[in-house]
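I opened the model to make some notes. These are the entries, in the order in which I looked things up.

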Amino acid sequence: MASVAQNLPFREVISSVISSLGTGESIKIEGFGTFSLIEKPEREGRNPKTGELTIYKPTRRPKITFDKKFLERVYSSGTAPETSTETTSATAPVASPATTLAPAVTPAVTPVAAPTAPVLPPPIPAELLTPSQPPMLWQIKAPDNSFVEVPSNELPNWGVGANTPIYSAATGWKLAGQVPELVGIVK
C-alpha cells in the first residue's frame with residue numbers, strides 16, 4: 001500500500017493514482033473516493049460498424065467509487081440521486097489492494113441551476129393567419145354525362161385525376177393537374 005503526503009499538488013495526486021493502479025493497487029482519497037481496477041474477461045461481441053461477431057480481449061479498466069462524504073457534500077441541497085455511486089472510464093493496465101491519500105485539496109462545489117421550462121414563442125398574430133375559406137366549387141362531367149358541382153376536397157372521390165378537365169368561372173376549363181390550388185389533392 002503506497003502512502004502519499006498530505007497537500008500534494010493536483011498533478012502529484014494524479015501521478016500517485018496512476019502509479020498505484022499501474023502496480024495493481026487501489027488507492028483511496030479520504031473524503032473523495034477510491035480508484036481501483038476492474039477485470040473484464042474475454043467476451044464475444046459485435047463490431048458496431050459491420051455487425052460481424054468478434055472476440056474482445058480481456059482488459060482492465062479503472063473505476064472510481066465516490067466516498068459517501070463526498071456525495072453528501074455534492075448533493076447537500078437534498079437532490080441526491082437514487083442511482084449507483086460508481087462510474088467506469090477508459091482502458092488502463094492492472095488490478096486491486098487499497099492505498100489511502102490524506103485529503104489534499106477540497107474541491108469547490110459549484111451549484112447547479114435547476115432545470116427550467118422551455119420558452120414558448122408568443123402566439124401568431126391574427127393578421128398572419130389566413131381565414132379558412134370554403135373549398136372552391138368545380139364543374140365536372142359526371143358518368144351520366146351531366147355536369148356536377150363538386151368542392152375541391154371531394155374531387156378525388158369523383159375519380160378526378162390530373163388529366164381530368166374541370167371548370168370554374170374563375171379559371172375556365174383546365175386540366176385538374178394544371179390548377180395550382182389542386183396540387184396535392186388530385187393525382
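**Entry 1: surface and burial.** I began with the exposed area of the protein, which is about 13700 Å². Carbon and sulfur atoms supply 59% of that area. Next I looked up burial: of the 187 residues in the protein, 24% are buried.

**Entry 2: confidence.** I noted that the model is predicted, so I checked pLDDT before any local feature. The mean over the protein is 77, and 74% of the residues reach 70 or more. I then went through the elements. Strand S5 (residues 59-66) has the highest mean pLDDT, 91, and strand S6 (residues 86-88) has the lowest, 46. Residues 1-5 have pLDDT below 50. In the model this stretch makes 13 contacts beyond near neighbours in sequence. I found a further stretch, residues 83-107, where pLDDT stays under 50. For residues 83-107 the model has 76 contacts beyond four places in sequence.

**Entry 3: elements and contacts.** I counted two helices and eleven strands in the protein. Read from the N terminus, the order is α-β-β-β-β-β-α-β-β-β-β-β-β. I also looked at contacts with a separation of 6 or more, and 50% of them join residues 24 or more positions apart.

**Entry 4: helix H1.** I checked the length of helix H1 (residues 10-22) against expectation. At 1.5 Å a residue its 13 residues should span 18 Å, and the end C-alpha atoms are 18 Å apart, so the two agree. Which residues of H1 are buried? I listed Val 13, Ser 16, Val 17, Ser 20 and Leu 21. Seen down the axis of H1, these buried residues fall within an arc of 125°, so they line one face of the helix. Arg 11 and Ile 18 are exposed on the other side of H1. I followed the chain past the helix and found Gly 24 just after H1, with a positive phi of about 90°.

**Entry 5: salt bridges.** How many salt bridges does the count come to? It comes to two.

I took Glu 30 and Lys 28 to begin with. In this salt bridge the closest N and O atoms are 3.9 Å apart. The cut-off for a salt bridge is 4 Å, and the pair is within it. I looked up the accessibility of both residues. Glu 30 is partly exposed at a relative accessible area of 32%, and Lys 28 is partly exposed at 28%.

I then turned to Glu 39 and Arg 60, whose closest N and O atoms are 2.8 Å apart. This pair links distant parts of the chain, with Glu 39 in strand S2 (residues 33-40) and Arg 60 in strand S5, 21 residues apart. Glu 39 has a relative accessible area of 48%, which means that it counts as partly exposed, since the cut-off for exposed is over 50%. Arg 60 is also partly exposed, with 33% relative accessibility.

**Entry 6: Asn 145.** I looked for backbone angles again and stopped at Asn 145. This residue is not a glycine, yet its phi is positive, at about 70°. Where is Asn 145 found? I placed it in the loop between strand S8 (137-141) and strand S9 (147-151). Is Asn 145 buried or exposed? Its relative accessible area is 55%, so I entered Asn 145 as exposed.

Technical notes. Residues numbered from 1 in each chain as written. Predicted model: local features only at pLDDT ≥ 70, side-chain atom pairs only at ≥ 80, totals over all residues. Heavy atoms only, no water. pLDDT = per-residue confidence, 0-100. Helix = DSSP H or I, 4+ residues; strand = E, 2+ residues; numbered from the N terminus. Contact = heavy atoms within 4.5 Å. Buried < 20%, exposed > 50% of the residue type's maximum accessible area, 1.4 Å probe, protein only. Areas by Shrake-Rupley, 256 points an atom, 1.4 Å probe, with all protein chains shown as cover. Salt bridge = Lys/Arg side-chain N within 4 Å of Asp/Glu carboxyl O. Expected span 1.5 Å × (residues − 1). Arc of directions from axis to C-beta.
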